[in-house]
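Colleague: I am new to this structure and would be grateful for a close look at one part of it. Please treat the empty spaces and their surroundings.

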Amino acid sequence: MSQFILPYFVVQGNGQKQPIASMPGIYRFSIDKLLEDIDPVVAQGLDKILLFGLPREKDELGTEAFADDGIVQQAVKVIKDHFPQLIVMTDVCLCAYTTQGHCGVMTNDKCQMSNDGVTIDSEATLEALARIAVSHARAGAAYVAPSAMMRGQVRAIRKALDDNSYQQVKIMAYSAKFASSFYGPFREAMNCSPAFGDRRGYQLDPRDSQAALERIRIEIDEGADMVMVKPALAYLDIVFQAKQLFNKPVAAYNVSGEYVLLHGQPTLIKEAIIAIQRAGADYIITYHAKEFI
Ligand SMILES: [Zn+2]
């Protein structure tokens, strides 16, 4: 089993290998090209990937996020046909699929969670996230990874998976996801910057380690099989504490901004990865994964 998890961006179409200007060396692949890229890394021993999909069309409800012929659902099916042993993890969120670019369904009700005029309809959001997770499970995902930071997301997804007889499908929860500036290059890759407002209403304050540990505890109680700290390098204290406090595997997400800082400097990358390992991460999600398998 590899400790490394390689993220991939997948787009509709054929023959696509689109360079991402903000992330040198990283591409958006159509499914056919994705298979070509996965083939040698699986042969070398990588056994886990994390998929992010870019829909052909965005809409207000993020319909393609839960469509059975959505980009992630199609990709998972084809990948599992070609690489049955590969553990496919899928990001579960709405922000890349909706025109407003937020992680939840919007509402005008001012009583809901709010920040800078961004109001999220919690109930509708949990329903949508659960629906996305079930559609990924149906396609063959081994882990679904809710990244919306909505309260109750893990409980809602666990219940929906169980109700649909996907008890074997696990949840990797983005429990400690900070409102970080290190996500900048990713948002270009995914074309998912919010159209207005920001995500501080639902992501964690970088100064508040207690809130992060509390969210990890809550999401473990709700049924998370693995918890994640994101970003990794600037939050190694959280990785360390999560590992000490809870009896669950901890994944650290070495995010796009961290990738860009160290890109092309192998000795620095190696040292940074060692630091993440030293903090106690069981798994490391990193765009550098190919260099470590
Ligand atoms: Zn999101």
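How much space lies in the largest pocket?

Modeller: The model is a predicted one, and in it the largest pocket holds about 180 Å³ of space. Its lining is made up of 13 residues, and those nearest the centre of the pocket are Leu6, Gly25, Ile26, Tyr287 and Lys290. Strands S1 and S3 (27-30) each supply at least two residues of this lining. The largest share, 3 residues, comes from S1. Sorted by class, the lining of the largest pocket consists of 8 nonpolar, 1 polar and 4 charged residues.

Strand S1 (residues 4-11) leads from the pocket to another part of the structure, since S1 pairs with strand S4 in the parallel sense over 6 bridges. Within this pairing, Phe9 stands opposite Phe52 of S4. S4 also pairs with strand S5 (residues 87-92), again in the parallel sense, over 4 bridges. Here Leu51 has Thr90 in S5 as its bridge partner. Together with helix H2 (residues 71-82), S4 and S5 make a right-handed β-α-β unit.

The surroundings of S4 deserve attention. Of its 7 residues, 7 are buried, and therefore S4 is largely enclosed by the rest of the structure. Lys48, Leu50, Phe52 and Leu54 point one way from the strand, whereas Ile49, Leu51 and Gly53 point the other way. Both sets are buried.

Phe52 also brings us to the enclosed space. A search of the whole structure finds 1 cavity of 30 Å³ or more, and about 210 Å³ of space lies in the largest cavity. This cavity is lined by 25 residues; Phe52, Asp91, Cys95, Lys177 and Phe186 lie nearest its centre. At least two lining residues come from each of strand S4 (48-54), strand S9 (170-177) and helix H5 (184-190). By class, 16 residues of the lining are nonpolar, 4 are polar and 5 are charged.

Cys95, one of the residues nearest the centre of the cavity, is also a donor of the zinc ion through its SG atom. The other protein donors are the SG atoms of Cys93 and Cys103, and the donors lie 2.3 Å from the zinc ion. Along the chain, they follow the spacing C-x1-C-x7-C. Cys93 and Cys95 are both buried.

In short, S1 contributes to the lining of the pocket and pairs with S4, while S4 in turn contributes to the lining of the largest cavity.

Key. Residues are numbered from 1 along each chain as its sequence is written. This is a predicted model: local features need pLDDT of at least 70, side-chain atom pairs count only at pLDDT 80 or more; totals for chains, interfaces and linings use all residues. Side-chain values use heavy atoms; hydrogens and water are left out. On a 1 Å grid over the protein atoms alone, a cavity is a set of points where a 1.4 Å probe fits but cannot get out, and a pocket is an open set with protein on both sides within 12 Å along at least five of seven lines; lining residues have an atom within 4 Å of a point. Grid points are joined across faces, edges and corners, and a volume is the space filled by probe spheres set on the points. Ala, Val, Leu, Ile, Met, Phe, Trp, Tyr, Cys and Pro count as nonpolar, Asp, Glu, Lys and Arg as charged, and the others, Gly among them, as polar. Donors are N, O and S atoms within 2.8 Å of the metal (3.2 Å for Na, K and Ca); water is not among the atoms, so sites may look incomplete. Buried means under 20% relative accessible area, exposed over 50%, partly exposed in between (1.4 Å probe, protein chains only). Two strands pair if DSSP finds at least two bridges between them. A crossover is right-handed if, with the strands pointing away from the viewer, the path from the first strand over the helix to the second runs clockwise.
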